[in-house]
Amino acid sequence: MSAKAIREVQGKTFLNTFLEPGVAVISRCASVNSDTNWTHLVSEHPWLKTERLVVKPDQLIKRRGKLGLIKVNADLDTVKKWVTERMNKDIKIGSATGRLKHFVIEPFVEHSQNEEMYVCIYSHRNGDSILFYHEGGVEIGDVDSKALKLDIPIDGGLKDADILKKLLLHIPKIAEQSLLQFIKALYKVYVEMYFTYLEINPLVVCKDQIYVLDLAAKLDQCAEYLCKQKWGDVEFPPPFGREAYPEEAYIADLDAKSGASLKLTILNPKGRIWTMVAGGGASVIYADTICDMGGASELANYGEYSGAPSEQQTFEYAKTILALMTKEIHPKGKILIIGGGIANFTNVAATFKGIVCALRQFQQKLIDGKVSIYVRRGGPNYQEGLRIMRELGETLGVPIHVFGPETHMTAIVGMALGKREIPPPAKRQSTTANFLLPDGQASNSPSSSRNTSDANLSVAAPPENATVNGTVADANVRMLFSQATRCIVWGMQSRAVQGMLDFDYSCSRTEPSVAAMVYPFVGDHKQKFYWGHKEILVPVYKKMNDAMKKHPEADVLISFASLRSAYESTVEALQYPQIRTIAIIAEGIPENLTRKLIQEANSKDVTIIGPATVGGIKPGCFKIGNTGGMLDNILSSRLYRPGSVAYVSRSGGMSNELNNIISLNTDGVFEGIAIGGDRYPGTSFMDHILRYQDHPDVKMIVVLGEVGGTEEYRIIEGIQSGRLNKPIVAWCIGTCAKMFTSEVQFGHAGSCANAESETATAKNIALRKATVHVPETFDELGDLIQKVYNQLVSEGVIVPKPEVAPPTVPMDFNWARELGLIRKPASFMTSICDERGQELLYAGVPITDVFKEDLGIGGVLGLLWFQKRVPRYASKFIEMCLMVTADHGPAVSGAHNTIVCARAGKDLISSLASGLLTIGDRFGGALDNAAKQFSEAYDSGMIPMEFVNSMRKKGKLIMGIGHRVKSINNPDKRVVILKSFAQENFPCTPLLDYACEVEKITTSKKPNLILNVDGLIGVAMVDLLRNCGSFTREEADEYVEMGALNGLFVLGRSVGFIGHYLDQKRLKQGLYRHPWDDISYIMPEDAQS
């Protein structure tokens, strides 16, 4: 996400379209690839035949001139030959080997060297900068040290005087005005189009005209929702040296359609080591560890799945990776690492079920490829996830080694690469999943109650020098959270709020931390939550202003607003002085908007955590949203009370892993903040490290940095100046980046190095030199933290405190059921449809298969009514029945009732219901009874004459025989059509043949006593059910008894009734009143007195 490079042609197209007219010559470009038809190309760009040309690759290659990849001042034939010689040829540039596939042809602009200049605009945290140099071209050299620079603050605007005085000092007077207007127009486009980088070298000023010759640019991909109309369909090509694979595009498409995060980059399709990692930060750490242990050349892919993907989404992701992995067999066998940190809110069992399903699908290929699988995961419902993974290992036929949070996150990498022994399998869980509970009750545990109460309790702000976690805090120490902190949550995030309240309760807070919620899509109301055993009501407001006025004690806003609304809602929140801290959870906010938020927040002295974060936690006091995961993790990581170690991390997913690592190796976490993975987080590492430095209860600090940016160097400056003196353990993730031959964009938008000093390796070396405790790899982080902690304990700096058991928090019913700890009889049962998964199922058949196999309405009816895949002819017959029963004119009682209702102004549903209520034995409801009468007679062995005589003796009508209009001489074409189809396509039609014999007898007495459409459908459906091979005899008879056949008439005739309703509305028919002359009035004689 975030800054993505675009092709040169795309960048020039943007400038052609959006630059002010006249400031630069329009760039004419013709793109060429292997599919290009040169004849068509020339017809589209006639100048190719008449002008001298320049041709070069358009594949994000830097310094093409020095590499000999530009052909200048050539004619079309020379250009064609030059392109043909290089098309689809591999070349090596630095350590990257790639194939030339895209070229751009432009008119040659004849000019001298002194007419070449350089201009570059780039964005950074505090604004934008323009670099300009009066010399440009291939030999420009170190432009950063040469160029003149103009810094533009956020929303600062660009002034003519600044451009002239700071950039155009060495420009001839004759060119000043044209360059001034060009730079102003260029910067305007840069801002409006959400560029993050735009370099032109050379920029040629020739004869009072400006030409854009070579261009490199990056766009903020997160701004697509704002710029789609201007951008159109923008292609973001992969960096040179890495092919664009269809599997990557497929996962990118899945990602775009999902609220979760799904990423895949194929590094080496022939590689031996494949990963399937949960979490953006964790995915980088696994890649680091694999490379650090010598597996860089065999690492096949980089990617992540995170943000609570569904079982189906995880299945699709896993299936894609397994298909790639099993394409080729490696002589040493292959390794699959299914890893991840401890999830904050992702249901581990649900995602693992998707992975297990994919593994089963590829079982034989995994066996053939001698694949070994290593699993490590933690988080909500991880016990169930690990259990199903272990059970899979018993039947899959390939070794699966499964570990939970008790094992260091990257330990499985060492096991997979033979660097570490594989421990024996862990002891089996005796239950489906364990929910960790304390051994005893805290003395101050709130009493159990089922009374409902309001959570809107007044809370006084803590006085200066308030006691926090048992220690008197320095008045100068800025505390973000305390036990008295109250917040407002933006968004209807009920699960996150309940998690916060459960955390509050386990911390023995006296009242909930959530004062109110804001959700603009509903009216004001109250939402029910649990406070321990007690039910409470949290107010929900439509307008933020109302929430702020009614809850002045709330000084924290937790925003779950989407990336599209996060900016506006945060700007609104910043208008209220009571808000001192804002946590923005959303990922993908455009960088320009984020920078504006940071500037506004800094001006109001408001702390922003995020964007793109899970938040933060202060054990014993307050947690943001889903931070810290479910309550079992809160308890196992001892987050219900403070420890002595504070940490700050970019990665939200890794924050929970740090909670686990720190709890296993020290007395626990004092506070932890995930500042967010975007390029411009609201606060920096140092903002929080300085708070930790100044707080007396923080004894050591842990920092998890990453590749990209220079923030970690501020820590070094703080140590060197003496401002920081507490022990710091730090590690920067992304050390693997230097081992890749092409640029890889890691999970976080900010994790991309633009200079050597921004690499993770350079940062780790610099931190180590500055006396920061830096491990050799992330694998050793826990050991180093423990070593520093033990040293502080031995020195008496840290005095471990005895554990105090927290109050027991009851488990939610729904989660207990998810974990398999309880069971409850269902109120309803269904066996025909399941909408809960990723895809709708009809009687177990996915809806995509319904369309793929063209089952039609008849097939769907077979699935939903009979739970069967009926034969094709049966499906066709059912559809024919619906067609012939759809309507029989406006005079029949059902249609008549529908019409009367429609003309009375009733709605469609009411009018339809009126018509359907007339269906019965006298109108349309004879299918079931006809089927029953004929079946009983046939099954009992009666000959047709005997059946007719018996019905006459009983004084009963034969259902399905007789018609008011049709006769043996004027047959009902509907009956003829259905009878012919049944006799030609059914395996046999004994009951239909029987009914035809009965018809011969009845029509001999009266010609209109024919087998009507009800009777025909009734007996034919019995033949179909009994003889199509899909039903047993008992099932067939049971469906007739249930009334299923009448359902055909009801369903079919509903089509006609709706048609009559629409027809009356279309004809604008008024209220119907039956005419008097069509009513026989028979009044009683005058009553005798």
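About 1000 Å³ of space lies in the second largest pocket of this protein, and since the whole model is predicted, treat that figure as a computed one. The lining of this pocket counts 33 residues, and R922, I961, G962, H963 and N1012 are the ones closest to its centre. If you want to find the walls on screen, look for α33 (944–954), α35 (990–1005), α36 (1013–1027) and α38 (1044–1066), the elements that each give two or more residues to the lining. Helix α33 gives the most, with three residues. As for chemistry, the lining of the second largest pocket is a mix: 14 nonpolar, nine polar and ten charged residues.

**The overall picture**

Stepping back, the protein has 38 helices and 38 strands. Its C-alpha atoms fill a box of roughly 115 × 90 × 80 Å along the principal axes. Of the 1089 residues in the protein, 54% are buried.

**Closed spaces inside**

Next come the cavities. The structure holds three of them at 30 Å³ or more. Here are the top two side by side.

| Cavity | Volume | Nonpolar lining residues | Polar lining residues | Charged lining residues |
|---|---|---|---|---|
| Largest cavity | about 60 Å³ | six | one | four |
| Second largest cavity | about 50 Å³ | six | four | none |

What lines the largest cavity? The residues are V477, R478, M479, L480, F481, K618, F670, E671, R691, Y692 and H695. Strand β33 (669–674) and helix α22 (685–694) are the elements that give two or more residues to that lining.

The second largest cavity is lined by T275, V277, S283, Y286, A287, I290, L299, N301, Y302 and G303. Three elements give two or more residues here: β15 (273–278), α10 (280–292) and β16 (301–306). Helix α10 supplies the largest share, four residues. No charged residue sits in the lining of this second largest cavity, whereas the lining of the largest cavity has four.

**The stretch annotated as CoA-binding**

An unreviewed UniProt entry carries the annotation "domain: CoA-binding" for residues 480–589. In the model, the chain over residues 480–589 is 25% helix and 29% strand, and the C-alpha atoms at its ends are 24 Å apart.

Several parallel strand pairs can be traced in this part of the chain. Let's begin with β23 (residues 487–490), which pairs with β24 in the parallel sense over four bridges. W490 has V518 as its bridge partner in β24. Between the two strands the chain passes through helix α16 (residues 494–506), and this β-α-β crossover is right-handed. Strand β24 (residues 514–518) is mostly covered, with five of its five residues buried.

From β24 you can move on to β26 (residues 534–541), a parallel partner over two bridges. V518 turns up again here: its bridge partner in β26 is Y541.

Going back to β23, this strand is also joined to β27 by four bridges, again running parallel. W490 stands opposite S559 in β27, in addition to its partner V518 in β24.

Is strand β27 (residues 556–559) covered or open on its faces? Both faces are covered: V556 and I558 are buried on one side, and L557 and S559 are buried on the other. Another four bridges join β27 to the parallel strand β28 (residues 581–584). In that pairing, V556 has T581 as its bridge partner in β28. The chain gets from β27 to β28 by way of helix α18 (residues 566–573), in a β-α-β crossover that is right-handed.

**A small antiparallel sheet**

One more piece to look at is an open sheet of three strands in the order β36-β37-β38, with antiparallel pairing. Why is one side of β36 (833–834) and of β38 (845–846) left without a neighbour in the sheet? Both strands stand at the edges and each has a single partner strand, so there is nothing in the sheet on the other side. Strand β37 (residues 841–842) is joined to β38 by two bridges, and these strands run antiparallel. Within that pairing, the bridge partner of L841 is P846 in β38.

Conventions: Residues numbered from 1 in each chain as written. Predicted model: local features only at pLDDT ≥ 70, side-chain atom pairs only at ≥ 80, totals over all residues. Heavy atoms only, no water. Buried < 20%, exposed > 50% of the residue type's maximum accessible area, 1.4 Å probe, protein only. Pairing = 2+ DSSP bridges. Right-handed = clockwise from strand over helix to strand, strands pointing away. 1 Å grid on protein atoms, 1.4 Å probe; cavity = no way out; pocket = protein on both sides within 12 Å on 5 of 7 lines; lining within 4 Å. Points joined across faces, edges and corners; volume = space filled by probe spheres on them. Nonpolar A, V, L, I, M, F, W, Y, C, P; charged D, E, K, R; others polar. UniProt positions renumbered as here; feature names shortened; annotations may be inferred.
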